[in-house]
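I open this notebook to record what I looked up, entry by entry. The topics are polar contacts, neighbours, a disulfide and aromatic rings.

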Amino acid sequence: MRNKLKPILITIIVIIAVYFAGKYALDTLFGDMCGNDIKQKVLSPNGENVAYIFERNCGATTGLSPQLSILNKGEKFQNESGNTFRTDKEFSVEWLNDKNLNVIYDKTSENYEMDKKVNGIKIHYISK
């Protein structure tokens, strides 16, 4: 019985090793195909939070996507989708106070995410 089990275990270990080696190689070579280009960094009045307006670009088959992320001042801006607002047209933001932010966007835009509260900040959306 042991003689039959040994080749099976070796085969399983080899398959697992090849899987992880392949996954590592693909992640290293291709990584995240998207990139973010920060357009504006707007500090809250007390400087504790930052509103990042940026464009996300995921290659030739997709268009640029204007997005918004709200982060605490110590958080590093990551190569990720926006955590607050995603749309297809440019927009602007203005802090009302430390806990309230206006997002002013084109009423003809197509919006994909419109969170009402992020990191303790209330988001108010104004279409024009």
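**Entry 1. A polar contact at Ser 69.** I began with the term: a polar contact is a pair of N or O atoms within 3.5 Å, and within protein one atom must be able to donate a hydrogen and the other to accept it. The model I consulted is a predicted one. I then found the backbone nitrogen of Asn 83 at 3.1 Å from a polar atom of the Ser 69 side chain.

I placed Ser 69 in strand 3. Is Ser 69 buried or exposed? Its relative accessibility is 5%, so I entered Ser 69 as buried. Setting aside residues within four places in sequence, I listed the contacts of Ser 69, among them Val 50, Ala 51, Tyr 52, Ser 81, Gly 82 and Asn 83. I also looked up a distance along the fold: Ser 69 and Val 118 are 49 residues apart along the chain, and their C-alpha atoms are separated by 8.8 Å.

**Entry 2. Asn 49.** I located Asn 49 in strand 2. Its relative accessible area is 5%, and I recorded Asn 49 as buried. Which residues does Asn 49 contact, leaving aside neighbours within four places in sequence? I noted Val 42, Leu 43, Ser 44, Leu 71, Asn 72, Lys 73, Trp 95, Asp 98 and Ile 121.

**Entry 3. Ile 38.** I found Ile 38 in strand 1. With a relative accessibility of 40%, Ile 38 counts as partly exposed. Residues up to four places away in sequence not being counted, Ile 38 touches Tyr 52, Ile 53, Phe 54 and Phe 77. I added that Ile 38 and Arg 56 lie 18 residues apart in sequence and 8.8 Å apart in space, C-alpha to C-alpha.

**Entry 4. The disulfide.** How many disulfides does a search of the whole structure find? The search gave me one. Cys 34 and Cys 58 form a disulfide, with their sulfur atoms 1.9 Å apart. A disulfide is a covalent bond between the sulfur atoms of two cysteines. The angle about the S-S bond is 110 degrees, and I entered the link of Cys 34 and Cys 58 as right-handed.

I then asked which parts the pair ties together. Cys 34 lies in the loop between helix 1 (2-30) and strand 1 (35-43), and Cys 58 in the loop between strand 2 (49-57) and strand 3 (65-72), so the pair joins parts that are 24 residues apart in sequence. Cys 34, at 17% relative accessibility, counts as buried, whereas Cys 58, with a relative accessible area of 28%, is partly exposed.

**Entry 5. The aromatic rings.** I counted ring pairs under the rule that centres lie within 6.5 Å. By this rule there are six aromatic pairs. One of them is the tilted pair of Phe 85 and Tyr 125, at 5.4 Å centre to centre and with 40 degrees between the planes. Phe 85 is in strand 4 (residues 85-87) and Tyr 125 in strand 9 (residues 121-127), so this pair ties together parts 40 residues apart in sequence. I recorded both Phe 85 and Tyr 125 as buried.

Tyr 105 and Tyr 125 form an edge-to-face pair, 6.4 Å centre to centre with 70 degrees between the planes. Since Tyr 105 lies in strand 6 (residues 100-105) and Tyr 125 in strand 9, the pair ties together parts that are 20 residues apart in sequence. Tyr 105 counts as buried at 14% relative accessibility, and Tyr 125 counts as buried at 17%. My last note is that ring pairs link Phe 85, Phe 91, Tyr 105 and Tyr 125 into a cluster.

Definitions and conventions: Residues are numbered from 1 along each chain as its sequence is written. This is a predicted model: local features need pLDDT of at least 70, side-chain atom pairs count only at pLDDT 80 or more; totals for chains, interfaces and linings use all residues. Side-chain values use heavy atoms; hydrogens and water are left out. Rings of Phe, Tyr and Trp (its six-membered ring) pair if their centres lie within 6.5 Å; planes under 30 degrees apart count as stacked, over 60 as edge-to-face and the rest as tilted. Helices (H or I, at least four residues) and strands (E, at least two) are DSSP runs, numbered from the N terminus. Buried means under 20% relative accessible area, exposed over 50%, partly exposed in between (1.4 Å probe, protein chains only). A disulfide is a pair of cysteine sulfur atoms within 2.5 Å. Contact means heavy atoms within 4.5 Å.
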